[in-house]
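Please open the structure in your viewer and keep the selection panel at hand. The tour below goes from one selection to the next and says what is found at each stop.

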Amino acid sequence: MDRPDRIGFALFFVAIVFIAFVAGAFVVLFKTFPYRYFNDAYKAGHALLSQLSATDLHTETHLWREARRDERGVTLHEPGQAYEGVTLYTSGDGNYAQLIDMQGEVVHRWELPYDQIWDKSPSGRAPRDADRIYWDKARVMPNGDLLVVITGDNDTPWGYGLIRIDRDSKLLWAYHGPTHHDLHLTPDGRVVTLTHELSEDDIPGLQGLERPWLDDFLVVLDGQTGEELSKVSLARAFLESPFAEPVYQTPAYAGSDPLHANSVQYLDETLTAAFAPAQGRPGQVLISFRNISTVALVDPETGEMTWATRGPWIVQHDARALPNGNFTLFDNAANYQVGNAARVLEVNPRTHAIVWSYAGNDEHPFDSYVRSSAQTLPNGNRLINESDGGRLFEVTPAGEIAWEFINPIRGGDRDRYIPIVSSGQRFSVGEFDKDFRAVIDNPQHR
């Protein structure tokens with residue numbers, strides 16, 4: 001090739017590169033074909049790189065946090081103030097749940113590794129490593145059976161399934177759908193839960209929507225078999241309701257996960273009669289949507305969203321209607337109030353007035369930006385799960401701490417890290433049947 005030919009070839013090559021650059025810029029700027037395919041490939045590659053590069057379990061996952069205190073186990077118990085019973089909790093360091101007494105002694109334990117149930121994630125991919133899979137929410141039944149939502153860290157979708165096991169951790173059934181965050185048992189034994197799936201659908205009017213994005217679903221399962229009975233798209237429920245505006249205000253950081261539903265509560269006839277927004281229609285489900293700071297009611301039979309509200313809270317979890325007609329929630333960002341890191345609220349749904357709150361203080365700081373919950377106990381106290389602190393504590397209506405438990409597990413460099421506590425729930429021993437009470441009372445069966 002002589003000199004003029006080489007110059008011509010070089011100019012041709014430069015022209016091709018320039019045209020490719022301009023075409024690529026046009027595709028990215030205007031998101032025309034084949035932008036979606038390149039974008040999906042980029043996201044998939046970035047997600048895979050993130051999984052492969054997150055090698056430190058204690059500092060690069062959502063399952064561990066730097067321990068805030070040195071104490072372990074029960075640090076405080078005021079018998080005259082605390083609601084006596086046993087406490088169920090799950091921990092970010094494994095596939096297990098424990099029932100502890102008021103002194104922090106383990107009275108029962110359930111454990112079942114993921115690889116003894118499934119060899120793939122619900123999406124069909126290889127699951128995360130065993131130390132990246134954990135039990136999120138768990139609910140114990142009177143006979144000692146346990147319902148468990150399983151989650152995979154640093155995966156999308158991160159929901160890994162829902163199982164029912166007996167008191168000896170024997171698998172009774174397994175629902176291999178991408179369940180996440182929460183579950184609730186109805187009076188007739190059905191299981192209400194959340195799943196999510198990647199969607200390529202458009203949401204007209206929502207600026208910044210990324211594709212694919214996660215749509216959440218309200219799912220009802222048969223409690224005896226795990227069979228799926230119904231499934232409702234929560235994005236569709238919003239968009240087909242008069243309450244769609246919060247979706248169009250989805251913050252920029254949530255373009256791929258606009259709703260992020262994180263709690264469910266089935267309203268029986270008693271709660272329906274007390275909770276005015278239910279308008280006398282039992283069987284609706286109260287749902288918390290973190291990324292749009294919204295609480296809503298959805299009918300799982302019709303798919304209709306019948307009520308939704310926002311209020312003086314941000315990125316909340318665990319909305320729970322109460323027999324007095326109010327509802328509680330865990331306000332993770334404390335509505336950015338000066339001096340607060342997190343708080344628990346009781347709210348009047350008619351007026352949005354905060355009728356009770358707990359936000360900690362200098363002596364007892366309180367902070368969990370993700371997960372977390374608050375259970376209202378029969379004596380009026382609240383059992384609060386400060387997930388990021390690896391801590392459960394019971395607080396009286398006057399704001400005094402009556403009981404406190406700090407996850408005793410430590411790990412990482414110099415044992416500086418504590419596993420999150422994903423689930424916490426208090427029971428009186430009398431709520432269990434006599435056979436399971438005998439198991440709890442017998443140390444040989446623990």
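Two strands are said to pair if DSSP finds at least two bridges between them, and the elements themselves are DSSP runs numbered from the N terminus, with helices (H or I) of at least four residues and strands (E) of at least two. This is a predicted model, in which local features need pLDDT of at least 70, side-chain atom pairs count only at pLDDT 80 or more, and totals for chains, interfaces and linings use all residues. Residues are numbered from 1 along each chain as its sequence is written, and side-chain values use heavy atoms, with hydrogens and water left out.

**First stop: β12 and its partners**

Select residues 213-221, which make up strand β12. Of its 9 residues, 9 are buried (under 20% relative accessible area, where exposed is over 50% and partly exposed lies in between, with a 1.4 Å probe and protein chains only), so the strand is largely enclosed by the rest of the structure. In a regular strand the side chains alternate between the two faces of the sheet. In β12 both faces are covered, with Trp 213, Asp 215, Phe 217, Val 219 and Leu 221 buried on one side and Leu 214, Asp 216, Leu 218 and Val 220 buried on the other.

Add residues 191-199, strand β11, which pairs with β12 in the antiparallel sense over 9 bridges; here His 196 stands opposite Asp 216. Then add residues 228-233, strand β13, which runs antiparallel to β12 and is joined to it by 5 bridges, with Val 232 as the bridge partner of Leu 218. β12 and β13 form a hairpin with 6 residues between them, and Gly 226 in the turn has a positive phi of about 80°.

**Second stop: the sheet β6-β7-β8-β9**

Which strands stand at the edges of this open, antiparallel sheet of 4 strands? They are β6 (133-140) and β9 (171-175), each of which pairs on one side only. Select residues 159-165 to see β8, which pairs with β9 in the antiparallel sense over 4 bridges, and look for Leu 162, whose bridge partner in β9 is Tyr 175.

**Third stop: the sheet β2-β25-β24-β23-β22**

Here 5 strands form an open sheet with antiparallel pairing, in the order β2-β25-β24-β23-β22. Strands β2 (73-77) and β22 (373-376) stand at the edges with a single partner strand each, so one side of each is left without a neighbour in the sheet. Finally, select residues 401-406, strand β25, which is joined to β2 by 4 bridges and runs antiparallel to it; within this pair, the bridge partner of His 77 is Trp 403.
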